[in-house]
Amino acid sequence: MNDIKIPSHIAIIMDGNGRWATERGFNRTAGHEEGAKTVRRITSYCAKIGVKYLTLYAFSTENWERPKLEVEFLMKLLDRYLKNELNVYLENNIRFKAIGDLSKFSKNLQKTITETEIKTSNCTGLTQVLALNYGSKDEIVRAIKKLNDLNLEINEKNLESCLDTAGMGDVDILIRTSGEIRLSNYLLWQNAYAEMFFTQTYWPDFTESELDDILSDFSKRERRFGGI
């Protein structure tokens with residue numbers, strides 16, 4: 001990894017859990033369970049190599065349209081994941097942060113999210129960010145409302161300060177698994193100059209080795225940000 005540039009901010013659209021399960025004859029929920037294991041592995045690895053922010057698309061504003069039983073399972077899985085991961089966060093100096101409109105979640109789940117943020121707030125390594133009930137259009141609308149409430153001038157700096165990701169900086173690398181090639185309303189502002197990677201691998205099968213290959217490719221790219 002000596003010749004690899006470690007990005008500050010990696011964002012991932014974790015796609016393909018359901019298809020991973022279906023192709024193996026399992027219920028879709030089994031794919032989400034396996035995907036949660038991949039979250040742990042990739043998060044721990046990013047912390048180890050020095051990434052500062054890892055933002056994961058866990059539940060979108062559109063995901064409420066999924067079957068009721070699947071949504072209920074995802075809510076329970078998220079609550080269980082956060083409770084189980086607390087020691088992993090603390091042992092690896094990982095801070096947890098949630099972005100999105102959390103008001104639509106149950107009071108118990110909101111409490112788990114808040115408690116996990118508080119208990120990991122003194123960690124100084126990687127920040128794992130879960131996008132929960134998140135949609136970029138919704139985030140920008142909420143940011144504009146906040147600007148108005150604070151009576152701030154409308155400019156890029158002030159708008160960025162009102163986004164859910166305030167203080168985190170723009171995304172350096174965007175990864176989407178499962179072969180889909182679209183942003184799906186994810187971090188539209190923050191991805192303005194992100195280097196994008198789309199892989200055929202379903203999220204449960206995504207490995208540290210494949211991430212290394214992406215980082216190697218990223219290191220060879222010349223990022224000019226609109227310049228020559």
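## L74 in helix α3

L74 is buried, because its relative accessible area of 12% falls under the 20% cut-off. This is a predicted model, by the way. You'll find L74 in helix α3, which covers residues 68-91. Setting aside neighbours within four places in sequence, L74 is in contact with H32, F59 and R66.

How far apart are L74 and I181 in sequence and in space? Along the chain, 107 residues separate them, and their C-alpha atoms sit 24 Å from each other.

## The chain as a whole

Now let's step back. The chain has 7 helices and 6 strands. Going along the sequence, they come in the order β-α-α-β-α-β-α-β-α-α-β-β-α. For 228 residues, a compact globule would have a radius of gyration near 17 Å, and the chain has 17 Å, so the two agree. Along its principal axes, the C-alpha trace spans about 50 × 45 × 35 Å.

How much of the chain is buried? Of its 228 residues, 47% count as buried. The chain exposes about 11800 Å², and carbon and sulfur atoms supply 49% of that area. If you look at contacts with a separation of 6 or more, 75% of them come from residues 24 or more positions apart. As for charge, the chain has 31 positive and 33 negative charges, and the mean positions of these two groups are 3 Å apart.

## Strand β1 and its partners

Strand β1 runs over residues 9-13, and 5 of its 5 residues are buried, so the strand is largely enclosed by the rest of the structure. That goes for both faces: H9, A11 and I13 are buried on one side, and I10 and I12 are buried on the other.

Which strands does β1 pair with? One is β2 (residues 53-60), joined to β1 in the parallel sense over 5 bridges. Within that pairing, I12 stands opposite L56, while I10 stands opposite L54. Another partner is β5 (residues 173-176), which runs parallel to β1 and is joined to it by 4 bridges. Here I10 turns up again, this time opposite I173.

## Strand β2 and its link to β4

β2 is mostly covered as well, with 7 of its 8 residues buried. Besides pairing with β1, β2 pairs with β4 in the parallel sense over 7 bridges. For an example of who faces whom, take S60: its bridge partner in β4 is Y134.

## L130 in strand β4

Strand β4 covers residues 127-134, and L130 is part of it. Is L130 buried or exposed? It counts as buried, because its relative accessibility is 4%, under the 20% cut-off.

L130 has quite a list of contacts. Not counting residues up to four places away in sequence, it touches L56, A58, L78, Y81, L82, F96, K97, A98 and I99. L56 is a residue we've met before, since it stands opposite I12 in the pairing of β1 with β2. L130 and L187 are 57 residues apart along the chain, and 12 Å separates their C-alpha atoms.

## T116 in helix α4

T116 lies in helix α4, which spans residues 107-119. With a relative accessible area of 5%, T116 is buried. Leaving out neighbours within four places in sequence, its contacts are L82, Y89 and F96. Two names in that set, L82 and F96, also appear among the residues that L130 touches.

## Two residues with positive phi

Most residues other than glycine have a negative phi. With that in mind, have a look at N151 and L187. N151 isn't a glycine, yet its phi is positive, at about 55°. L187 isn't a glycine either, and it has a positive phi of about 50°.

Where in the chain are they? N151 lies in the loop between α5 (136-149) and α6 (156-161), whereas L187 is in the loop between β5 and β6 (195-198). Their surroundings contrast too. N151 is exposed, because its relative accessible area of 69% is over the 50% cut-off. L187, on the other hand, is buried, with a relative accessible area of 0%.

Terms used
Residues are numbered from 1 along each chain as its sequence is written. This is a predicted model: local features need pLDDT of at least 70, side-chain atom pairs count only at pLDDT 80 or more; totals for chains, interfaces and linings use all residues. Side-chain values use heavy atoms; hydrogens and water are left out. Buried means under 20% relative accessible area, exposed over 50%, partly exposed in between (1.4 Å probe, protein chains only). Helices (H or I, at least four residues) and strands (E, at least two) are DSSP runs, numbered from the N terminus. Two strands pair if DSSP finds at least two bridges between them. Contact means heavy atoms within 4.5 Å. The radius of gyration is taken over C-alpha atoms; the globule rule is 2.2 Å times the number of residues to the power 0.38. Accessible areas come from the Shrake-Rupley method with a 1.4 Å probe; for residues, only the protein chains shown count as cover. Lys and Arg count as positive and Asp and Glu as negative; His and the chain ends are not counted. The place of a charge is taken as NZ of Lys, CZ of Arg, CG of Asp or CD of Glu.
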